[in-house]
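Here is a friendly walk through one protein model, written with a computational chemist in mind. Please keep the viewer open as you read.

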Amino acid sequence: MGQMVSVKGGEVWAEDSGGSGGNGLPLILLHPGVADSRIWDGILPRLTERHRVIRYDARGYGRSPAPTAAFSLAGDLGAVLDHFRIDRAVLAGSSMGGATAISLALDDPARVAGLALVVPGITGRSDLLSEEFMAEFVKLAQGGDMEGLVSLLMHSSAAAGTGYDAEVRAHLLAVLPAWFATQPHNVPDPPAFDRLGELDVPCALALGELDQPSVVRCNEEMAERIPGCRLVRLHASDHFPTLREPDAVTDLILQTHAAAAG
């Protein structure tokens, strides 16, 4: 059942599948910036069969109200763990959610047992997105061109075109308000890219080979810097692997959880 969870200066919507799940290590799902927590709908049944799974909408996304005070993504993740009385968990994060998972793993390593990273973002890496993309993005955003923003992302981040384009478009349209609502209040987590070598948990990273080239390069370098990280190349995926190759993403998450459980 879904519920509202208090975080510093606000609240977020979260859902707990319940049960202890396997060896008792909960699994936390962190959605990307291009979608809310519904991006996990297609793979949730397989995950909840084996584990207690918690997912939530970041502030302003999905069923979470827009922020009215300063916040950080990693800080909110910590607050969600506190609410559900979770001392240690496996984190599965896509894009923005991957960056949040890494930030918490560096800031509070005792709380993170494993990392399943799907086309992850990262703080402290200025060229994650190309200059050309960012220039066009800023131009469209400043002009309030919502259709233009969706079109830009459909061509750059959803280039796989494997039949889910209508679904991708719906996800993008749903989160556009969140981008504008959170921007004035979101305090970026500290730079993490140069600290990836400090991570000391089982980790797997899936990149989408049809993603933006700059994101692919960054993901490759991230996997090289994280000790023992297993790199998985998803040949049919762009920036939406949970839609393009759901079984492969589910397998990666379950395998990472198993490794974390020892």
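The report below covers the sheet, two chosen residues, and then the pockets and cavities.

## The sheet

Please bear in mind throughout that this is a predicted model. A good place to begin is the open sheet, which has eight strands with mixed pairing. Reading across it, the strand order is E1-E2-E4-E3-E5-E6-E7-E8. Strand E1 (2–7) and strand E8 (230–234) form the edges, and each of them pairs on one side only. From one strand to the next, the twist averages 25 degrees.

At the E1 edge, the neighbour is strand E2, made of residues 10–16. The two strands run antiparallel and are joined by six bridges. If you would like one of these pairs to display, Val7 has Gly10 in E2 as its bridge partner.

A helix also lies across this part of the sheet. Helix H2 (residues 73–83) crosses E1, E2, strand E3 (27–30), strand E4 (53–56) and strand E5 (89–94). The helix runs at about 120 degrees to E1.

## Two residues to look at

Is Ile54 buried or exposed? The residue sits in strand E4, and its relative accessible area is 0%. Ile54 is therefore buried, since that value is under the 20% cut-off. Setting aside neighbours within four places in sequence, Ile54 is in contact with Glu15, Asp16, Leu27, Ile28, Leu29, Val80, Phe84 and Ile86. For a sense of distance, Ile54 and Arg230 are 24 Å apart in space, C-alpha to C-alpha, and 176 residues apart in sequence.

Ala261 makes a useful second stop. This residue is found in helix H9, which covers residues 246–261. Its relative accessibility is 39%, so Ala261 counts as partly exposed, a class that lies between 20% and 50%. Ala261 and Asp200 are 61 residues apart in sequence, while their C-alpha atoms are 14 Å apart in space.

## Pockets

Next come the open spaces. The largest pocket has a volume of about 1200 Å³. Its lining has 37 residues, and the closest to the pocket centre are Gly33, Met96, Leu128, Leu129 and Asn186. Helix H3 (96–107), helix H4 (131–142) and helix H6 (165–182) are the elements that give two or more residues to this lining. Which element gives the most to the lining of the largest pocket? That is H4, with four residues.

The second largest pocket has a volume of about 150 Å³. Ser72, Ala74, Gly75, Ser103, Leu104, Leu106, Asp107, Asp189, Pro190, Pro191, Ala192 and Arg195 line this pocket. Two or more of these residues come from each of H2 and H3. H3 gives the most to the lining of the second largest pocket, with four residues.

## Cavities

How many cavities of 30 Å³ or more does a search of the whole structure find? The search finds two.

The largest cavity has a volume of about 80 Å³. Its lining is made up of Leu29, Leu30, His31, Tyr56, Ala58, Leu73, Met96, Gly97 and Thr100. E3 and H3 each supply at least two of the lining residues, and H3 gives the most, with three. Met96 appears in this lining and also among the residues closest to the centre of the largest pocket.

The second largest cavity has a volume of about 40 Å³. Around it are Pro32, Ile39, Ser94, His239, Phe240, Pro241 and Thr242.

## Linings side by side

The table sets out the volume of each space and the classes of its lining residues.

| Space | Volume | Lining residues by class |
|---|---|---|
| Largest pocket | about 1200 Å³ | 21 nonpolar, 13 polar, three charged residues |
| Second largest pocket | about 150 Å³ | six nonpolar, three polar, three charged residues |
| Largest cavity | about 80 Å³ | six nonpolar, three polar, no charged residues |
| Second largest cavity | about 40 Å³ | four nonpolar, three polar, no charged residues |

The charged class is a handy one to follow down the table. The lining of the largest pocket has three charged residues, and that of the second largest pocket also has three. The largest cavity has no charged residues in its lining, and the second largest cavity has none either.

Conventions
Residues are numbered from 1 along each chain as its sequence is written. This is a predicted model: local features need pLDDT of at least 70, side-chain atom pairs count only at pLDDT 80 or more; totals for chains, interfaces and linings use all residues. Side-chain values use heavy atoms; hydrogens and water are left out. Two strands pair if DSSP finds at least two bridges between them. Axes are lines fitted to C-alpha atoms, for helices over the stretch in contact, and angles run from 0 to 180 degrees between N-to-C directions. Contact means heavy atoms within 4.5 Å. Buried means under 20% relative accessible area, exposed over 50%, partly exposed in between (1.4 Å probe, protein chains only). On a 1 Å grid over the protein atoms alone, a cavity is a set of points where a 1.4 Å probe fits but cannot get out, and a pocket is an open set with protein on both sides within 12 Å along at least five of seven lines; lining residues have an atom within 4 Å of a point. Grid points are joined across faces, edges and corners, and a volume is the space filled by probe spheres set on the points. Ala, Val, Leu, Ile, Met, Phe, Trp, Tyr, Cys and Pro count as nonpolar, Asp, Glu, Lys and Arg as charged, and the others, Gly among them, as polar.
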